Every structure is written in structure tokens, then in C-alpha cells.
Amino acid sequence: MMLTDKRILLIIAGGIAAFKSLDLIRRLRERGATVTPVLTRAGAEFVTPLSVSALAGEKVFQDLFDLTDEAEMGHIELSRSADLIVVAPGTADLLAKMAQGHANDLASTLLLATDTPVLVAPAMNVRMWEHPATQRNLETLRKDGVLFVGPNEGDMACGEYGPGRMSEPMEIVAAISSALAEGPLSGRRILVTSGPTHEPIDPVRYIANRSSGAQGTAIARALNALGAEVVFVTGPADAARPEGAHVVEVQTAAEMLGAVQAVLPVDAAVFSAAVADWRVASASGSKIKKTKDGLPTLEFAENPDILATVSQMAQGRPELVVGFAAETDDVIENATSKRLRKGCDWILANDVSPETGIMGGAENAVTLIFEDGSETWPRMGKDEVAQQLAARIAETLG
Ligand code: C5P
């Protein structure tokens with residue numbers, strides 16, 4: 001992971017995780033990046049300007065009204081001269097300011113004035129992270145195109161446990177590399193759906209397909225590594241979210257369709273989500289109670305077919321649409337007719353019979369089906385399947 005000549009503007013906000021940002025600066029510089037540090041007033045309570053500037057080998061910017069700085073480099077120029085702005089730690093307060101568009105100190109002003117991509121490594125107490133206000137702000141920022149890495153789950157400095165720990169420096173370096181990746185897919189925007197959908201029965205129960213989200217995540221990473229801007233629409237999957245992708249979280253198939261439509265237009269779309277075919281026709285607003293009068297009956301309604309909807313768009317259809325077919329019998333035959341029925345360009349078919357160990361496992365054995373034939377790939381890791389597919393997509397989009 002080299003970052004030779006990449007210019008990173010690193011905003012260090014006020015959180016205990018700021019000490020990890022000192023190590024982050026070292027790791028970035030080791031890889032050839034230039035780091036211009038910005039320290040907020042609260043940030044300077046946790047790490048000293050001297051250690052920040054000594055490690056960065058650059059002046060640390062702290063104050064919006066520092067006239068000398070304005071003479072040397074105005075805040076507008078400072079905000080735009082980097083390849084990437086990294087906010088680490090991203091505190092709840094700074095996320096709120098960003099979501100609202102405040103510009104009342106140097107960090108928030110830079111973030112409002114910039115036209116450079118922004119990557120945030122959030123760090124905060126678990127309750128603050130889970131608070132609806134923070135979650136609302138995150139959703140807004142994701143829609144604005146802000147990238148996120150972490151937070152991780154674990155013990156917190158405040159003695160609590162849960163999500164809120166800032167990602168480790170090397171995880172942030174990986175996310176920075178993904179965000180700055182260049183390759184044959186640079187300038188291309190690609191959608192990837194992933195994970196299961198959850199269709200509620202009542203507020204505590206749901207129906208779903210089995211899906212770890214591992215293959216979809218690997219595909220998003222591989223496309224990103226070739227330089228694509230990836231929008232990753234995922235149901236509630238266990239797999240970690242791909243660094244460097246714009247992540248949109250959904251629960252149901254209907255929400256997934258809405259999110260996908262909001263993401264269009266894209267150059268290519270890969271539908272690896274295991275979408276539930278049916279939803280409960282009228283999900284109960286309150287928990288269904290066990291009674292002596294017998295068992296409840298569930299009535300189903302059909303979910304929209306997202307792959308078919310996008311494949312058959314009269315206008316604005318992606319240049320390349322790729323579907324998956326997880327089958328247990330007559331894999332190639334079923335997948336071939338599925339390709340025609342849905343109207344997608346390619347189908348990646350795989351045998352998910354329990355004896356294959358593919359479902360939830362690290363490997364996959366796929367056959368790529370296209371208009372005039374098919375090609376069976378040897379069994380390989382899901383990461384390798386993803387890399388092969390990404391390379392194929394790059395070749396086809398040209
Ligand atoms: O019909 P089946 O579910 O087997 O088709 C699998 C393919 O269709 C996958 O690519 C899956 O992501 C997509 N799909 C979808 N929306 C649905 C059902 C499946 O996008 N409602």
C-alpha cells in the first residue's frame with residue numbers, strides 16, 4: 001500500500017482516540033504521503049500541536065483567524081489542495097457540524113469549503129454513536145458522499161463496550177488507499193448490492209435469506225481497488241463494510257429497491273444481495289402474542305425484483321448488469337434461463353448445496369453465464385472470484 005506523493009489533509013478532532021492519529025501520521029508518511037495536519041481546539045486538549053507537527057514534518061493549522069496562515073494559504077486553498085481530507089477522530093460534535101453545514105472553526109470551515117473527497121474515522125462513546133441524532137447525521141453525510149471507516153466494536157476508554165472505537169491506524173491507511181485507488185475503472189461509478197434483506201413479521205421477528213455478505217463485500221473492494229467509485233447497498237449482513245465505498249444500509253427489499261433507484265445512474269451494477277422473494281403482506285405493528293387459539297397465519301406478498309427492474313429499464317439502464325444465481329440443482333440450466341428472464345447481461349451462477357460449504361464459507365465455485373456461452377471458473381477464494389469479476393468488468397467497460 002504505497003501512497004507516494006498523495007496529499008492528505010488530516011483533521012484531528014477532540015477525542016481520546018486522537019493519540020492513534022499520531023501513529024496514523026507516521027504510517028502515512030512511511031508510505032510516501034504528505035500529511036498537512038489540522039488540530040481542533042478540543043483536539044489540542046488530547047495531543048499537543050508540537051507532537052502533531054513534529055510527526056507530520058509540517059506546520060499544524062489550528063485557527064481560522066490566523067492571519068499569517070491566510071497570507072500563506074487561505075482556508076479555501078487549504079481545503080482544496082489535498083487529494084483527500086481525513087477526519088480522525090471524527091467526533092459526534094464534528095459529524096453534527098458537518099451534517100448541518102456549520103463553519104464556525106477551521107475544521108468545519110475546511111470541510112464545508114472543500115471539493116475534495118472526505119473520509120471520516122468516527123470515534124465516540126457507544127451511546128453517542130447509537131443516538132438517533134448521530135445516526136441521522138451519518139445518514140445525511142453518507143448521502144452527501146462522505147466516506148467512513150469504522151468505528152470498531154470493543155472496550156472503550158470510558159469503560160463501556162460497543163461500537164464507537166476508532167479504527168486502528170492501519171485500517172484507516174487501508175481505507176485511505178481504497179479512497180485514492182486509481183486504475184482501469186477510475187471515473188466509473190458502480191453499484192453493488194449485498195447481504196440479505198430482512199422482511200418484518202412484527203417488530204421483533206423477520207424472515208430472511210441466508211447471506212453473510214462476504215462475496216458482495218469482496219466485489220466492492222475489488223472494484224474499488226481498480227479505481228471505481230463504488231456504491232454499496234447492503235442489507236443487515238455480518239460481513240464488515242468495504243472501506244472506501246459509499247455504504248447505504250437498508251433492511252427490506254422495498255428499501256433496497258428505493259436505495260438502488262436513488263443511486264442511479266451508474267456505469268455497471270452487480271446484484272449480489274440475497275433478496276427475500278416475499279414479504280409478510282401486512283406486518284404487525286406490535287409483537288404477535290402466543291395464544292391458545294392456535295397458530296398465526298402469515299400471508300405473503302411478492303417483493304420487487306430489483307435485478308429485473310434495473311435490467312429492464314427503458315432509459316438509463318447501466319451499461320453492464322450482473323446478477324447472481326445461487327442454486328442447488330441444475331445450476332447452469334437454471335442460471336441460463338434466469339439470465340434471459342431477468343434481462344441482465346451476465347449471471348454468476350453458483351451451487352450453494354450444503355455439501356459445497358460455499359454458503360458462509362471463504363470459497364466459491366462459479367460459472368459466468370453471458371449471452372453466447374458460459375465459462376466455469378475453478379473453485380477459489382471469494383476474494384479471487386471478486387478480483388476476476390472486477391477485471392472482467394474493467395475489460396468490458398473499456
Ligand atoms: O431469482 P433469484 O433470487 O434466484 O435471482 C437472483 C439474482 O436476482 C441475484 O442477483 C439477486 O441479487 C437478484 N434479486 C433481486 N431482487 C429480488 C430477487 C433477486 O435483485 N427480489
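Author: A helix here is a DSSP run of H or I that holds at least four residues, and helices are numbered from the N terminus. With that in hand, we can say that helix 10 is followed by Gly227, whose phi is positive, near 100°. Please keep in mind that the model is a predicted one.

Reader: What makes helix 10 count as largely enclosed by the rest of the structure?

Author: The cut-off for a buried residue is under 20% relative accessible area, and nine of the 12 residues of helix 10 are buried, so the helix is largely enclosed by the rest of the structure. The buried residues are Gln215, Gly216, Thr217, Ala218, Ile219, Ala220, Ala222, Leu223 and Asn224.

Reader: Why is Asn224 called buried?

Author: Asn224, which is found in helix 10, has a relative accessibility of 5%, and because the cut-off is under 20%, it counts as buried. Leaving aside neighbours within four places in sequence, Asn224 is in contact with Ser178, Ala181, Val230, Glu243, Gly244 and Ala245.

Reader: How do you know that the span of helix 10 agrees with its number of residues?

Author: At 1.5 Å a residue, the 12 residues of helix 10 should span 16 Å, and the end C-alpha atoms are 16 Å apart, so the two values agree. Helix 1 (residues 18-30) can be examined in this way too, since its 13 residues reach 19 Å from the first C-alpha to the last, which is close to the 18 Å expected at 1.5 Å a residue.

Reader: Which residues of helix 1 are buried, and what covers them?

Author: In helix 1, the buried residues are Ala18, Lys20, Ser21, Leu22, Leu24, Ile25 and Leu28. What covers them includes strand 1 (7-12), strand 2 (34-39), helix 2 (49-56), strand 3 (84-90), strand 7 (161-165) and helix 9 (169-179). Just after helix 1 comes Gly32, with a positive phi of about 95°.

Reader: What makes strand 12 and strand 20 the edge strands of their sheet?

Author: The open sheet consists of eight strands in the order 12-11-8-13-16-17-19-20, with mixed pairing. Strand 12 (246-249) and strand 20 (373-376) are called edge strands, as each pairs on one side only. Direction ignored, neighbouring strands of this sheet are turned by 15° against each other on average.

Reader: How do you know that strand 19 and strand 20 pair?

Author: Pairing needs at least two bridges between the strands, and four bridges join strand 19 (residues 366-370) to strand 20, so the condition is met, with the two strands running antiparallel. Within this pair, Thr367 stands opposite Thr376 of strand 20.

Reader: Which helices lie against this sheet, and at what angles?

Author: Helix 10 (residues 214-225) packs on the sheet and touches strand 8 (189-194), strand 11 (229-234), strand 13 (268-271) and strand 16 (320-327), and its direction makes about 165° with that of strand 8. Helix 13 (residues 331-342) lies across strand 16, strand 17 (346-351), strand 19 and strand 20, and runs at about 155° to strand 17.

Reader: Why is Asp5 called exposed?

Author: The relative accessible area of Asp5 is 61%, and because exposed means over 50%, Asp5 is exposed. Asp5 is found in the segment before strand 1, and its phi is positive, about 65°, although it is not a glycine.

Reader: How do you know that Met256 is buried?

Author: Met256 lies in helix 11, and its relative accessible area is 0%, which is under the cut-off of 20%, so it is buried. Not counting residues up to four places away in sequence, Met256 touches a number of residues, among them Thr193, Val233, Ala273, Val275 and Ile306.

Reader: What makes the pairs between the ligand and Pro304, Ile306 and Lys338 polar contacts?

Author: A polar contact is a pair of N or O atoms within 3.5 Å. A nitrogen atom of the ligand is 2.8 Å from a polar backbone atom of Pro304, and a nitrogen atom of the ligand is 3.0 Å from a polar backbone atom of Ile306. A polar side-chain atom of Lys338 lies 2.3 Å from an oxygen atom of the ligand. Each distance is within 3.5 Å, so each pair counts as a polar contact. The residues around the ligand also include Phe271, Asp277, Gly323 and Lys342.

Technical notes
Residues are numbered from 1 along each chain as its sequence is written. This is a predicted model: local features need pLDDT of at least 70, side-chain atom pairs count only at pLDDT 80 or more; totals for chains, interfaces and linings use all residues. Side-chain values use heavy atoms; hydrogens and water are left out. Axes are lines fitted to C-alpha atoms, for helices over the stretch in contact, and angles run from 0 to 180 degrees between N-to-C directions. Contact means heavy atoms within 4.5 Å. The expected span of a helix is 1.5 Å times one less than its number of residues. Buried means under 20% relative accessible area, exposed over 50%, partly exposed in between (1.4 Å probe, protein chains only). A residue is near a molecule or strand if one of its heavy atoms lies within 4 Å of it. A polar contact is a pair of N or O atoms within 3.5 Å; within protein, one must be able to donate a hydrogen and the other to accept it, and residues adjacent in sequence count only if both atoms are side-chain atoms.
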